[in-house]
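I opened this model to look at how its parts sit against each other. My notes follow.

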There are 2 protein chains.
Amino acid sequence: MSKQTYQRIVLASRPTAAVTPDNFRLEQAPVPELADGQVLVRNHYLSLDPYMRGRMSEGKSYANPQPLGEVMIGGTVGEVVASKNPKWNVGDKVVGMFGWQEYGVSDGGGIQKVDTTHIPLSAYLGSVGMPGVTAWYGLNKIIAPKAGETIVVSAASGAVGSVVGQLAKLAGCRVIGVAGGRDKCDYVVKELGFDACVDYKAAKDAKELYAMVKDVTPDGIDGYFENVGGDILDVVLARLNAFARVAVCGLIAGYDGQDMPIRNPRAILVSRARIEGFIVSEHMDVWPQALKELGTYVAQGKIKFRESIAEGLASAPEAFIGLLKGKNFGKQLVKLV
Amino acid sequence: MSKQTYQRIVLASRPTAAVTPDNFRLEQAPVPELADGQVLVRNHYLSLDPYMRGRMSEGKSYANPQPLGEVMIGGTVGEVVASKNPKWNVGDKVVGMFGWQEYGVSDGGGIQKVDTTHIPLSAYLGSVGMPGVTAWYGLNKIIAPKAGETIVVSAASGAVGSVVGQLAKLAGCRVIGVAGGRDKCDYVVKELGFDACVDYKAAKDAKELYAMVKDVTPDGIDGYFENVGGDILDVVLARLNAFARVAVCGLIAGYDGQDMPIRNPRAILVSRARIEGFIVSEHMDVWPQALKELGTYVAQGKIKFRESIAEGLASAPEAFIGLLKGKNFGKQLVKLV
């Protein structure tokens, strides 16, 4: 709080195709004086997530676009450093949605106190936060896996995919990850315990990718958790068993507006598949149950996770652009303190 | 039964692209002698349906391919003309799956007696048969429309689509048909009571088709019954409201193997849509309820239907090829007697 100012990042312009650093602007702002009932939070970590790309554009989406000139939205974890609200004490650890900035002010709502005794603070932005609940919802409420089924998840080493796969393993499924690069695939199999992982970057075309997926799904695919879109979705559709379920969480390959067709929608009919898109923030009723289960698994070490941590708010744009290109390895965070 | 022979049509070869007449062969066969327990049925009408195209090809589908050299599968209605089974009497009107032939033999199973007092025999191959139940299942079990919602159905003048739309109107929905040509569209609106119908043949490209669909769906689309595939699916996906439901019954545009991509699958996520393929024969549990409702509506004149009737078994191949090209107008039948 030196000089009573802090840093924040606002949306300076909308991307025309790929996101570039000059879509963002770093600003200084005075640390606000608290009014009665307000709480000041020093953010420790900012979460970077693919959904933010969608908010940067105008046009039809499931949420309003991020306004220009305002602080980029984003989940944060931090610590109460000043309070004029009797419900909150200095030192409380909290999760909030303060966005890309070092401080946030709450009127006492919009923040949840978290227990860091057995779970690290940053995990509340990952496996025990929105990405974890996203995994939990898509897997349990849409795919609804049965023991013995084959479940495939793309972006398998990421914040969502890693939880999907570990939960599916705990449910007794055969679990296949799809990830970019040998390092990520090795991690998914050796550290997270997936049965196999397909390195999509090692396939020279969709036909070879199909052969690779077929090789590790000899009994077909019963459930697919879609984080990516593009070629892998086509390949998986062609491997679906009857009554397969596909949870569509992200279609990151298309965020920049490029064509990303499903080439063979007839597979939906052939497999009598159910494909369902969802946004986890619309299913708040499941969050308490999901967070309880996820927290227990993380505290027990049954769900492991990995983080990519960028240092300092100023590094957020570059880290976010890297995330959209798959350069991160595990949950992408920005350390703010 | 002159000369004690009858005609039947077998699959002579598998289509390499579009179906051609020489994929079929007309044969003469002796009318079988009945063994104890058997029933001989003279088929009056043969149903021609798009699913038959799928059976003609090898490769992964939801059903085994039609064997070469065997009678083409197909639903039939007819009359018992001889019986050595005490449960069946000469004169009984029955629905069966005797395929593309003038006679069929049953061991007493696989046929259902139908009442033609208030419902014409041929309707049991249409609105009160498999196409009707297909419409009923996709609409009620997948789309599950609520009064006031906007429901779109492609191939709207066809055997399935016409029932979908009339059931949706009875459910209090705004109903938009999609059909090829002004005559079909006029029929759908003026005779069947749809709110509007889009003539997809009048659109010079997908963009114009989108404008036409948008014009008649000012409040977006809540449910879509997919009989066709191709451009119209993309257009509808782009108009879906949040939590829309898409029942995928047929993707006829792609039966011949041509590319028929979904260009914008991101719409699934944006709308949190649910897309589900289904095969009505896998949901036999709903047939009694569906047929009871459909029969009541048809007898009351609340569900109207139209038939395209080809004369004589020899005309079946040409009529089937026409069906795949959308040349029929209403339920395509072949009159066999």
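I took the centres of domain 1 and domain 2 of chain A over C-alpha atoms and found them 29 Å apart. Domain 1 of chain A covers 2–126 + 305–335, and domain 2 covers 130–281. These bounds come from an automatic or database domain assignment.

I noted the ground rules. This is a predicted model, where local features need pLDDT of at least 70, side-chain atom pairs count only at pLDDT 80 or more, and totals for chains, interfaces and linings use all residues. Residues are numbered from 1 along each chain as its sequence is written, chains are lettered from A and ligands numbered from 1 in the order in which they are written, and side-chain values use heavy atoms, with hydrogens and water left out.

Next I looked up contacts (heavy atoms within 4.5 Å). In chain A, 21 residues of domain 1 touch 13 residues of domain 2.

I then checked the buried area (accessible area, 1.4 Å probe, that two parts lose on being put together, summed over both). Between domain 1 and domain 2 of chain A it is about 1400 Å², with 60% from carbon and sulfur atoms.

I looked for salt bridges (a side-chain nitrogen of Lys or Arg within 4 Å of a carboxyl oxygen of Asp or Glu). The rule finds zero across the interface of domain 1 and domain 2 of chain A.

Last, I compared the chains, superposed by least squares on the C-alpha atoms of residues with pLDDT of at least 70 in both. A turn of 180 degrees and a shift of 0.0 Å along the axis lay chain B on chain A with an RMSD of 0.0 Å. That is the relation of a two-fold axis.
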